[in-house]
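Me: I have a structure to go through and some questions about how it is put together. Please reason briefly and end each reply on what I asked for.

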Amino acid sequence: MDFRGLAVFFLLTESALAVKSNACMAARRSFLGSDAMLLAIICTISSVACSAKSFDDAFRTAFLCLLIGVPGAGKVRPAKSPPFYQMDTCAGVCQIHTGGAAWLFHKAESCYSQCSFCESAKGAELTIMGTERKPEFFGGKDLHIGIVGCGYVGLPLALRFCEMGQRVTGFDTDKQKVDKLNAGQTYILHIPEAAIAKFVGQKRFGATTDFTRLKEMDAVLICVPTPLDERREPDLSYVEETARAIAPNLQRNQLIVLESTTYPGTTEELVLPILEAGGLKCPIARAGTNDNVQTDFYLAFSPEREDPGNKQFGLAQIPKVVGGINLPSRRAAELLYGQIVARVIPVSSTREAEMSKLLENIFRSVNIALVNELKLLSQRMGMDIWEVIEASATKPFGFMAFQPGPGIGGHCIPLDPYYLSWKAREYDFEARFIALAGEINTSMPYHVINAVADALNQRRKALKGSKVLLLGVSYKKDVDDLRESPSLKLMQLLNERGAILHYNDPYFPQLQKMRHYDYSHLKSVELTPQNLAAYDCVLLATDHSSYDMQAIVDASQLVVDTRNATRRITRNREKVVLC
Ligand SMILES: NC(=O)c1ccc[n+]([C@@H]2O[C@H](COP(=O)([O-])OP(=O)(O)OC[C@H]3O[C@@H](n4cnc5c(N)ncnc54)[C@H](O)[C@@H]3O)[C@@H](O)[C@H]2O)c1
């Protein structure tokens, strides 16, 4: 037995496994107890390593010899970007980071995490215990990216990284979604099943509810919900829960990026302290103040700008804003996102990045409120607001057209502005535009119901007891998303005022019970001429492209149109009321 080799082996094991002391003990038990033969091989290799030029070379030599020496470990070969190596495992190619601290343990059942391809835990398995990931690493290939929250934002992001050749694991608390994804199925209409099935088949994409596997990731992108609570205050419980799930699995030089929309300061004040609690540090240093800061891991914020159903601007075409807790963090995130979008816009800190997303959504909310208010005025003055907007939109500069409607919906515009007004109060500041826009937009469904009541009144009918068919429950046209949809509020108000309510939506054959509403007893009514004729009023709330407006107007007694979807209808125009 070569004691010099043995000493080096223990030294290497201790330093490599310092971050994972349990694994260290188990590994040592395995080597010392059940696999004396393996121990002898390692000691010999380590003794050879002592004469190698550098410590790092020595380690790498020892590591590769160990891999080759372990039965069943598979064939190891250099990857495209040394010092990384690739190994064939039971189910595909596995990237091995040998930046000084990765070991393959054979038969030490309790100490390693599974090879990410090797779900069944058969064959060779790999534990990664810290790697040398400089920011430049994230511009490279063969990364393993974890996406927490596989919803409207996380899923397209995951598929985009797969498209660019990276390997992605989706983490979600919803087991049904995880099972569907692993079966190559979609649960969001505009996200193609074929893409999911293809990447699952290529073992490039998989989903899991096992958050301990976060430790296997090079980068972890957080895309969980950020709703408002009952008092319309930020509910950051999903973000906090995710940070707490990452913390025990956080690895040296891992990149963590928050994508969920939130108030300025969330990444620094909420996420950072939770991640740092385990000992690894990521010092706050605004870009330009201390650019050479040493950081143990990278933390950044990069807001998502997904517009579900938008065929003109997909993820790849939409530039991405990135702010880091420090410059290395921003650099790492810039390089990562540079692989999937046409342009990355770096900003000085996570706060500017957080605020930029809120500005975009507040801008929309305020402008929608403005045209909604001007619509009310135009109606009172006997003008057509849509014609006015169309005319103004011909100005080639300095004007952007927004459309009035029955209220605002979706996951962003109705909620995000309140994240900022809530935070502003901490600074004794009232964000008045946000409040005013919120007030006007919230009042729109009430205005619509009054218009329905007036239109029925003109026909000598009361809203109470009238049969009303609402068209379109999703919050905007051609999407299967009804989060915060004004249609849900309209349905509540119609019920409260005693109307007999039914609905049609090609994207929702039936409605499920929701947090604030329960219309689970309703099924989408087929749009036949006979059915349409049976309603006292047809209320158009969402202008899905599939609606044949002329046929609807022809068959209906009365159409109240909140979207100007009937703008080109001439026949039976007298049945239409714009509101
Ligand atoms: N939908 C959009 O168009 C859009 C656009 C830009 C930004 N955003 C923002 O992106 C974030 C995510 O929105 P979304 O629309 O994708 O939401 P979503 O509800 O579609 O998806 C969120 C996913 O996270 C999962 N989840 C919840 N808690 C979790 C946890 N603790 N760990 C892991 N997974 C968890 C849910 O099961 C769900 O699959 C929000 O902050 C939202 O404001 C959304």
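Me: Which helix gives the largest share of the shell around the ligand?
Reply: In this predicted model, 26 residues surround the ligand. Three residues of that shell come from one helix, residues 237-246, and this is the largest share. The helix is H8.

Me: How many residues of the shell around the ligand are charged?
Reply: The closest residues to the ligand include Gly-149, Tyr-152 and Ser-260. The shell divides by residue type, with eleven nonpolar and nine polar residues. The charged residues number six.

Me: What is the order of the strands in the open sheet of five strands?
Reply: Strands of a sheet pair through backbone hydrogen bonds, either parallel or antiparallel. In this open sheet the pairing is parallel. Strand S15 (500-504) and strand S18 (576-578) each pair on one side only, so they are the edge strands. The order is S15-S14-S16-S17-S18.

Me: Which residue in S18 is the bridge partner of Val-559?
Reply: Strand S17 covers residues 559-561 and pairs with S18 in the parallel sense. Three bridges join S17 and S18. For Val-559, the partner in S18 is Val-576.

Me: Which helix packs on the sheet, touching S17 and S18?
Reply: The helix covers residues 432-458 and also touches strand S14 (467-471) and strand S16 (537-540). Its direction makes about 150 degrees with that of S16. The helix is H14.

Me: What percentage of the 579 residues in the chain is buried?
Reply: The chain has 17 helices and 18 strands. A residue counts as buried if 20 or more other C-beta atoms lie within 10 Å of its own. Buried residues make up 44%.

Terms used
Residues are numbered from 1 along each chain as its sequence is written. This is a predicted model: local features need pLDDT of at least 70, side-chain atom pairs count only at pLDDT 80 or more; totals for chains, interfaces and linings use all residues. Helices (H or I, at least four residues) and strands (E, at least two) are DSSP runs, numbered from the N terminus. A residue is buried if 20 or more other C-beta atoms lie within 10 Å of its own, exposed if 12 or fewer, and partly exposed in between; C-beta atoms are placed from the backbone. A residue is near a molecule or strand if its C-beta atom, placed from the backbone, lies within 6 Å of it. Ala, Val, Leu, Ile, Met, Phe, Trp, Tyr, Cys and Pro count as nonpolar, Asp, Glu, Lys and Arg as charged, and the others, Gly among them, as polar. Two strands pair if DSSP finds at least two bridges between them. Two residues are in contact if their C-beta atoms, placed from the backbone, lie within 7 Å. Axes are lines fitted to C-alpha atoms, for helices over the stretch in contact, and angles run from 0 to 180 degrees between N-to-C directions.
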